[in-house]
Amino acid sequence: MGYKVIPINPGLAKQNEILHGEKVYPDLQSVAAEYTVDMVDIFRASNAAGQFVDEAIAIGAKSVWLQLGVVDEEAGKRALDANLLVVMDTCPLMVAPAMGISGPDETSAS
């Protein structure tokens, strides 16, 4: 889709790992210290998602996207109350074309 994806994994970050050409960070706060975060894409079990939604709120992310099978209505309400866009139980790669989202790389080419 043309967006920069920053991996977060505390265990891999301790090992100074590079994943798909990107430095792995230990947490969202570390990413926010270096980048503006537009979307936090959460690949966790539903019962663990709320913690990461709260971190997304704390760093001023614009949206949270909970992957297929991930639903936490209470966390979603907290995010909405903090003016974040919220999507649950959906994969962005699968729905972006139908939503007209092509990514910055495709729109800048001419």
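**Sheet, core and an aromatic pair in a predicted model**

Of the 110 residues of the protein, 31% count as buried. The model described here is a predicted one. Its accessible surface comes to about 7,000 Å², and carbon and sulfur atoms account for 55% of that area. When contacts between residues at least 6 apart in sequence are considered, 41% of them join residues at least 24 apart.

The secondary structure consists of six helices and five strands. Read from the N terminus, these elements follow the order α-β-β-α-β-α-β-α-β-α-α. Three of the strands come together in an open sheet, in the order 3-4-5, with parallel pairing. The edges of this sheet are strand 3 (39-42) and strand 5 (85-87), each of which pairs on one side only. From one strand to the next, the twist averages 10°. A closer look at strand 3 and strand 4 (residues 63-66) shows parallel pairing over four bridges. One place to find this pairing in the structure is Met39, whose bridge partner in strand 4 is Ser63.

Attention now turns to the interior. In soluble globular proteins, nonpolar side chains tend to be buried together. Here the largest nonpolar core has 17 residues, and those that touch the most other members are Val40, Ala56, Val64 and Leu66. Two or more residues each are given to this core by helix 2, strand 3, helix 3 (46-59), strand 4 and helix 4 (73-81). The biggest contribution is that of helix 3, with three residues. Ala56 offers a handy view of the surroundings: beyond its neighbours within four places in sequence, Ala56 is in contact with Leu28, Val40, Ala61, Val64 and Leu84. Two of these partners, Val40 and Val64, are also among the core residues that touch the most other members.

Aromatic rings add a further detail, as the structure holds one aromatic pair. Tyr25 and Tyr35 meet edge-to-face, with 6.5 Å from centre to centre and 85° between the planes. The two residues are 10 apart in the chain: Tyr25 sits in the loop between strand 2 (22-23) and helix 2 (28-32), while Tyr35 lies in the loop between helix 2 and strand 3. Their surroundings can be told apart by accessibility. Tyr25 has a relative accessible area of 4% and is therefore buried, being under the 20% cut-off. Tyr35, with a relative accessible area of 32%, is partly exposed.

Terms used
Residues are numbered from 1 along each chain as its sequence is written. This is a predicted model: local features need pLDDT of at least 70, side-chain atom pairs count only at pLDDT 80 or more; totals for chains, interfaces and linings use all residues. Side-chain values use heavy atoms; hydrogens and water are left out. Buried means under 20% relative accessible area, exposed over 50%, partly exposed in between (1.4 Å probe, protein chains only). Contact means heavy atoms within 4.5 Å. Accessible areas come from the Shrake-Rupley method with a 1.4 Å probe; for residues, only the protein chains shown count as cover. Two strands pair if DSSP finds at least two bridges between them. Axes are lines fitted to C-alpha atoms, for helices over the stretch in contact, and angles run from 0 to 180 degrees between N-to-C directions. Rings of Phe, Tyr and Trp (its six-membered ring) pair if their centres lie within 6.5 Å; planes under 30 degrees apart count as stacked, over 60 as edge-to-face and the rest as tilted. A nonpolar core is a set of buried Ala, Val, Leu, Ile, Met, Phe, Trp, Tyr and Cys residues joined through side-chain atoms within 4.5 Å.
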